[in-house]
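Me: I would like to learn how to read a structure step by step, beginning with a single residue and moving outward. Could you guide me through this one?

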Amino acid sequence: MTDSIRSMFDEMPEQGGRIYSTEALEQMTGEPEEKLFSFAEYHPEEAERTGYSDYSYWKSVWRIFLKKKFAVAMVILFLAVFVFSFVALAIGKYQYDSLVPDNRQMFISPNGEYWFGTDNIGRDYWCQVWYATQTSIKLAAIVALGECVVGVVLGCLWGYVRKLDRFFTEIYNILYSVPTIIYMTLIALMIGRSFWIMCITLILFHWIYMAKNVRNLVFMYRDREYNLASRCLGTRLGTILSRNILPYLISVIILRLALSIPSTIGYETTLSYLGLGLDVNTPSLGILLRNSRAYFLDYPYLLIFPAAIVSIVTVAFYLAGNAFSDAADPRNHV
Amino acid sequence: MEKEKIILSAKDVEIQFSLRGDRLTAIRGCSLDLYEGETLAIVGESGSGKSVFTKSFLGMLDQNGSVTGGSILFEGEDIARLKSEKDWRRIRGGKIAMVMQDPMTSLNPLKRIGQQVEESILLHQQLTPAEARKEALHMLELVGIPDAERRYSQYPHEFSGGMRQRVVIAIAVACRPRILICDEPTTALDVTIQAQILALIRDLQKKFGMTIIYITHDLGVVANVAERVAVMYAGQIIEIGTAEEIFYDPRHPYSWALLGALPQLGIKGEKLPTIEGTPPNLFNRITGDAFAPRNRQALQIDYQVEPPYFEVTSTHKAKTWLLDPRAPRVEQPDSIKRLSGRMTVDYGSARHPHEDPDRETLIQVRDMQVTFGTGRRKFVAVDHVSFEIYRGETFALVGESGSGKTTIGRAITRINPISAGEILYKGRRISGRISKELDREVIKGCQMIFQDPLASLNERAKVDYIVSEGIRNLHMYRDEAERQEMVRNALCEVGLLPEFASRFPHEFSGGQRQRIGIARALIMKPEFIVADEPISALDVSIRAQVLNLLNELKTTYGLTYLFIAHDLSVVRFIADRIAVIYKGRIVELSEAEELFRHPLHPYTKALLSAIPEPDPAVERNKDLVVYDPSVHDYTEDKPVWCEILPGHFVFGNSAELESYRAALRA
């Protein structure tokens, strides 16, 4: 058969005859014709060496997030504010614990002695603002973590165990349809106001949003074939949830966590401002704003400093969180 | 047919994609002359670039891809240079149209069917709305939609998959394109529907004189439709010729491998020839012949110099150094030679486990019913099904999508609860509530292999964890060292390297992932495995690897399989007995060869006639049998499940059974 085949370039010397002539081939490869046209050794490992991609989910998330310079700047800005709140207390001229009301020092505008001025009863505002920043961030972190733990655990059950679906959906309907502010008012009036009451009530009413989110995702992954395989292998429910499903939810959980921090700070500020949040003696940014409300027209610095910090922290977290959610979406990993 | 005029000419097309900062060359210098009025099929595995290549004729490459070299001449214009959407709109639809794979996603679910057809007519033809409506109705009739007037104002969800694909075709053809590109038009459809759609496209081609490009991985479909065939590998056409030339006299080693790996051409009980390895990584520069590392008969030169095209006949070209006069002669493999004379091969000589008088019943299903939903929305997925599976056999369950075959498999592995009847494993009931010890025993004894190698592995766990999941649950090892040893053995068993244990699933190709799934089941040392379409989602070359592996494990460990499939041709190669299921009922059950020789139930006949054979001569002369369920009149004469011959069961009423008996006597 072979000899009846005319190679195409025999007829078209200008196209290939020159390139593929024995001399040209030998020159190109530096090997004699007999060797070139002999069988090569077959390496099975060479064939098994796959063309797999080295795609890694977290690496890609990280890479895309770092590309968003603005978001990275926001994260740095937040960290800077948080770290500075400690530094500021250390370098400040007054300690929060030893502040005493002093009628003579009322409403002093910011100067070399009182860097943020003094408040209506003559206390140093600098150390109050930074102490309050810490309280607010602490509260937000505790609430976010609490929401996350409760929401993920219950959300997983809600999504995986069909029988519980109705029950949780009704809870969701109740919590969702009545504004949080009403619950908060009731609790503040009936139980009282303190840092921990605030934490617990916020967790109590906000876990459901995390749970709903988690539930939708669990629903999506529950009947994937790899979970059926696990059921065939007799894997227990807890293991299926923690090993098979949770790892897929991490990015969403982190995102919600990041977004719940600014919203909690916002809630705390609003509620405290309305007098339904923390008690007046716990300095938080909301309490400072509440205290300044009667005087800020005359002494705007009382409003501006805490308000600026609330804005910086919430906006920075919000923008960084959104950037992260874009980065965590595998569709953007091209 | 006149095949002189070239309608489209692609020359040295190169297409690149930028992906995560890297450049991927998907098409590496591809040339193609398309003749007016012909039907060309482009065949290749996934990733070979067949879709990308043809999408560039329409300017429909993804955002991150572009034609970076070469030219595509169409109507005297180089369309590879077109940039703006406005320019493309002149060509797209009106001149070159495309039918996509999935009829579920290519129609707008919120618009009436008729409007969608009308829309495409109005865009490309100067017609008044009234005329367009008439034309749309005409198109719907033309593509075989019965009662077009009423169907015109229905929504896509009221159409079945096959009917939707007909509508998609109507939309594509409505503008009378010169070239119609069909990208896997029937892959998402059932076999019987597939045959009808292929026939429809052929009719339309005759009527409108279109040129058609088929993109497919199914060589049966190619044999059915194509006049010319182009085989693609790693972004290049490596062989092109008429269908007869490619099927009966292929010259490129990759074409040999592709054809040889078809189970239809295999001999039962023997290994299928396979192509080891996976296609090359297109991020890398490829020197020489891209197929060389997987080719057992590669020449030294294949690794160094890219082969040119050699002309076998004026229509047949192949890109391999084997055709060079200086190269040593290499014989075509036997399986290719067998292609024409294949039907005479006797499949029936092997002994089957169920013929053994001392056969042991491993699984027994009695009057099983599975329903989903409750009350008025109750849906009966499996309706009073009974069968037995004997130790050591491969029992195949064949049916269309939605027939309930997967539900049966899942009921046996107890993923889906059953609503009536019972399932026995070694004579003991395993459905419903069972004791803890029996539960353990069933988990150990009955395992499952899944269809989709992408979805069936936990992407976020290491292979080590995935494979040892079962033995962890049942504490089947003494210490950590023994567990690792077991994982290593299981991986070796399925032909994977032990060091793969520390990797994540995404690092593997489809075939390797499927083997990980098999290792996961195998490590439990099961007796019975439900294989739920284990090869349907795999490429042709990888199918052979997996089928060989399943057969090998069966002989080594005496495994018993329930093999669920929609493809009768694959089942013929692997199964001892076949049950055909239609709408939740088994309509016929028999020894495999007996079923192929004497199909009795009309549905079995339709299914058999619809199987695409990888043989152009057979495909072109076949008569399609269409199954019409209304031929059964079960109002008075109730149907029964009857053993009409020893081992051959069929579902029918007394009149039908009488006619089946008459057919068997004849």
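**From one residue to two chains**

Reply: Leaving aside residues up to four places away in sequence, B:Leu600 touches B:Glu588, B:Ile644, B:Val650, B:Tyr660 and B:Ala663. Please keep in mind throughout that this is a predicted model.

Me: Where in chain B does B:Leu600 lie, and is B:Leu600 buried or exposed?

Reply: B:Leu600 lies in the loop that runs between α19 (592-597) and α20 (602-610) of chain B. To judge burial, one counts the other C-beta atoms within 10 Å, and 20 or more make a residue buried; B:Leu600 has 25 such neighbours, and therefore counts as buried.

Me: How far apart are the C-alpha atoms of B:Leu600 and B:Val650?

Reply: Their C-alpha atoms are separated by 7.4 Å, although the two residues are 50 residues apart along the chain.

Me: Which values of phi should I look at in B:Asp12 and B:Arg414?

Reply: The point to look for is the sign of the angle in a residue other than glycine, and B:Asp12 has a positive phi, near 45 degrees. B:Asp12 is placed in strand β1 (residues 6-19) of chain B, and it counts as exposed because 12 other C-beta atoms lie within 10 Å. Phi of B:Arg414 is also positive, near 65 degrees, but this residue sits in the loop between α12 (405-412) and β16 (420-425) of chain B, where its 19 C-beta neighbours inside 10 Å make it partly exposed.

Me: How do I read strand pairing, and how many bridges join β13 to β14 in chain B?

Reply: A general idea helps first: in a regular strand, side chains alternate between the two faces of the sheet. In this structure, strand β13 (residues 361-372) of chain B runs antiparallel to strand β14 (residues 379-390) of chain B, and 8 bridges join them. Within this pair, B:Ile363 stands opposite B:Ile389 in β14(B), while the hairpin formed by the two strands has 6 residues between them and includes B:Gly373, with a positive phi near 75 degrees. β13(B) also pairs with β16(B), in the antiparallel sense and over 5 bridges, and there B:Gln369 stands opposite B:Ala420.

Me: How can I check the length of a helix, taking α11 of chain A as the case?

Reply: One compares the span expected at 1.5 Å a residue with the distance between the end C-alpha atoms: for the 28 residues of α11 (residues 195-222) of chain A the expected span is 40 Å, and the ends are 39 Å apart, so the two agree. The helix nevertheless bends by about 35 degrees at A:His206.

Me: What does the radius of gyration say about chain A?

Reply: It is read against the value for a compact globule, which for 334 residues would be near 20 Å, whereas chain A has 32 Å. The C-alpha trace of chain A spans about 110 × 60 × 30 Å along its principal axes, its secondary structure comes to 15 helices and 0 strands, and 33% of its residues count as buried.

Me: How many residues of each chain take part in the contact?

Reply: Chain A gives 45 residues and chain B gives 56 residues. On the side of chain A that touches chain B, the largest share, 7 residues, comes from α12(A), and the residues of that side divide into 23 nonpolar, 12 polar and 10 charged.

Note on methods. Residues are numbered from 1 along each chain as its sequence is written. Chains are lettered from A and ligands numbered from 1 in the order in which they are written. This is a predicted model: local features need pLDDT of at least 70, side-chain atom pairs count only at pLDDT 80 or more; totals for chains, interfaces and linings use all residues. Two residues are in contact if their C-beta atoms, placed from the backbone, lie within 7 Å. Helices (H or I, at least four residues) and strands (E, at least two) are DSSP runs, numbered from the N terminus. Ala, Val, Leu, Ile, Met, Phe, Trp, Tyr, Cys and Pro count as nonpolar, Asp, Glu, Lys and Arg as charged, and the others, Gly among them, as polar. The radius of gyration is taken over C-alpha atoms; the globule rule is 2.2 Å times the number of residues to the power 0.38. The expected span of a helix is 1.5 Å times one less than its number of residues. The bend at a residue is the angle between axes fitted to the seven residues ending there and the seven starting there. Two strands pair if DSSP finds at least two bridges between them.
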